[in-house]
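Thank you for making the time this morning. I would like to walk through one structure with you, and I will keep to what can be computed from its atoms.

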Amino acid sequence: MMTRFGSRNGDRFSELYAKYYRRIIYFYVRAFRLPEEEAEELAQDTFLKFFEAMDEYRGEAEWAFLETIARNVAFNRLRSLHTAKRSAKTINIDDPDFSQYEPAAPPERDYADREQDALHRKLLHDAIAELPPGQRQCMQLWLEDFKYGEIAKALRISMDAVRSRLRDAKRLLRERLGDDNELPEDDE
Amino acid sequence: MITKSELHDAHRRMLDEKRAQLGDPPTAREMLAYSRGELSPDEEERIRELLAGYPELARTLTAPFPTDEPKPGEPGYVSDDQLKQRWSALEKHLYAPPAQPGARVLQFWRVASALAAAIALTFGALLWQARLELGRPRVASESRYLSPDDRYRGEGTTATLTPGGDAYTLVTPLMSQPIFAAYRLEIVDARDRSLWKSGPLVERDNDTFVILVPRAFLAPGSYKVVLYGVGNSGEKQLDKFSMTINP
């Protein structure tokens, strides 16, 4: 296969591998918190795909090309995890064997406390869910620790739009959750 | 005071519920079109909603690429030896012939097909040569008019042929034979074993049938040509013509 692309491409490929393999692993481990074994598998996959596309690629910035492939490989892996989860086996709660799937009960807390917590969670849940879509999307990503710049990039909107939508979302949440409830400060 | 962690927990619960309604995450193709701004406003909004619902996927767009490498002891650190091993593994994979399921079967069929093609070619060539041979003029050593065995000369009177050319020409008369819609000829050996049979033959104006027999077809010995009349009710043996091939 190497000869198919000629030794010049083969040499270039081995150079790129030596230069960028560690960074790709780092990318997967740090950005997606993947286990090292999985990161290794994805990194090899990335280089394989890069090698296959190398002959067609005529651009200058090989690194940028490699980065795009690495992101796509990560995207496909994470997407497949989600689709697998969605098609996972569902268990009927009427199934007599259901009890064997049931997780162990946590240590019992006071009933009133548990009720209070559940109510509080529902309040927060509803408050987020009822935000206008643009504000909610920004809020959802912000809660997942996306920076303002990252939110702007993911949602393809301006930084100003992110700022104003988050400010409005927090104001609405404050109103819904009561005046005495403070919200965390912005961290751009 | 509400903490971000509490909001995050609530959000996670919301995602668990919402993902069932959201549908599958966007495909890589949709993501490419989205990041290039090639989607309609409605489609773009749908992808935004999905990315908010699948923040892990949104991260593939935004996660900064590292400009440095992990230090020893940090997660994801790869030593020089590990790097060499992994490069060797990848290199092996790249050099390996494409491992397709059923490759052996494919190889077998390839060999079988090649053999079949070679055989077909050989037989084709032989057939072509045979057809060429048949199309060429041939020398008949002698042309013999065969006499019926028992009607004119009686049994035991046989025509004798001496090999000389490429073929024998045997002329069988139809004179005084009953009229049939068609006739058939057959060559049998001394033990009456059939060596050759003609198809139905229509009587000619000169009341004869001529058989051109390649010399190699008949080894020295005794033979008979048998004449049959072919009608609606079947075949009827009409005459036998004995002959002997000299060595």
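Let me begin with a question about the helix α1 of chain B: where is its kink centred, and about how many degrees does the kink come to? Please keep in mind throughout that what is on the screen is a predicted model. The kink in α1 of chain B, a helix that covers residues 4-22, is about 30°, and its centre is at Asp16(B). Within this helix, Leu7(B), Ala10(B), His11(B) and Met14(B) are buried, and the elements that cover the buried residues of α1(B) include α4 and α5 of the other chain, chain A. Following α1(B) comes Gly23(B), which has a positive phi, near 90°.

That cover from chain A brings me to the contact of the two chains, to which chain A contributes 53 residues and chain B contributes 44 residues. On the side of chain A that touches chain B, at least two residues come from each of α1 (6-32), α2 (36-54), α3 (62-86), α4 (111-129), α5 (133-143) and α6 (148-155). By class, the residues on that side of chain A are 28 nonpolar, nine polar and 16 charged.

Turning to the interior, the largest nonpolar core holds 55 residues, and the residues with the most contacts inside this core are Ile25(A), Tyr28(A), Cys138(A), Ile151(A) and Leu51(B). The element that gives the most to this core is α1(A), with ten residues. If we take Ile151(A) and leave aside its neighbours within four places in sequence, Ile151(A) is in contact with Cys138(A), Leu141(A), Trp142(A), Phe146(A) and Val162(A). Another core, of 17 residues, lies apart from the largest one, and among its members are Tyr168(B), Phe209(B), Leu227(B) and Met243(B).

Some of those names return when we look at how the helices of chain A pack. At what angle do α5(A) and α7(A), the latter spanning residues 159-177, pack against each other? The angle is about 90°, with the axes 8 Å apart, and α5(A) is therefore roughly perpendicular to α7(A). From α5(A) the contact takes Gly134(A), Gln135(A), Cys138(A), Met139(A) and Trp142(A), while from α7(A) it takes Val162(A), Arg165(A), Leu166(A), Asp168(A) and Ala169(A). Sorted by class, the residues of this contact are six nonpolar, two polar and two charged.

The helix α7(A) also packs with α6(A): their axes come within 9 Å and cross at roughly 110°, so that α6(A) and α7(A) are roughly perpendicular to each other. Here the residues in contact are Tyr148(A), Gly149(A), Ile151(A) and Ala152(A) from α6(A), together with Met159(A), Val162(A) and Arg163(A) from α7(A). The classes in this contact of α6(A) with α7(A) come to five nonpolar, one polar and one charged.

Going back to chain B, its secondary structure consists of six helices and eight strands, and along the sequence the pattern runs α-α-α-α-α-α-β-β-β-β-β-β-β-β. Of its 247 residues, 19% count as buried, and if we consider the contacts in chain B between residues at least 6 apart in sequence, 65% of them join residues at least 24 apart. One of the helices, α4 of chain B, residues 55-62, is mostly covered, with six of its eight residues buried, namely Pro55(B), Leu57(B), Ala58(B), Arg59(B), Thr60(B) and Thr62(B).

From the strands I have picked Val171(B), which sits in β3 of chain B, residues 167-173. Why does Val171(B) count as partly exposed? Val171(B) is placed in that class because it has 16 C-beta neighbours inside 10 Å. Leaving aside neighbours within four places in sequence, the contacts of Val171(B) are Ser143(B), Arg144(B), Tyr145(B), Leu146(B), Thr208(B) and Val210(B).

Finally, a word on the backbone. Most residues other than glycine have a negative phi. Arg33(A), however, has a positive phi, near 55°; this residue lies in the loop between α1 and α2 of chain A, and Arg33(A) counts as exposed because it has 11 C-beta neighbours inside 10 Å. In chain B, Asp192(B) also has a positive phi, near 65°, and is found in the loop between β4 (182-189) and β5 (194-197). With 10 C-beta neighbours inside 10 Å, Asp192(B) counts as exposed.

How values were computed: Residues are numbered from 1 along each chain as its sequence is written. Chains are lettered from A and ligands numbered from 1 in the order in which they are written. This is a predicted model: local features need pLDDT of at least 70, side-chain atom pairs count only at pLDDT 80 or more; totals for chains, interfaces and linings use all residues. Two residues are in contact if their C-beta atoms, placed from the backbone, lie within 7 Å. Helices (H or I, at least four residues) and strands (E, at least two) are DSSP runs, numbered from the N terminus. Ala, Val, Leu, Ile, Met, Phe, Trp, Tyr, Cys and Pro count as nonpolar, Asp, Glu, Lys and Arg as charged, and the others, Gly among them, as polar. The bend at a residue is the angle between axes fitted to the seven residues ending there and the seven starting there. A residue is buried if 20 or more other C-beta atoms lie within 10 Å of its own, exposed if 12 or fewer, and partly exposed in between; C-beta atoms are placed from the backbone. A nonpolar core is a set of buried Ala, Val, Leu, Ile, Met, Phe, Trp, Tyr and Cys residues joined through C-beta atoms within 7 Å. Axes are lines fitted to C-alpha atoms, for helices over the stretch in contact, and angles run from 0 to 180 degrees between N-to-C directions. Angles under 35 degrees count as roughly parallel, over 145 as roughly antiparallel, 65 to 115 as roughly perpendicular and the rest as oblique.
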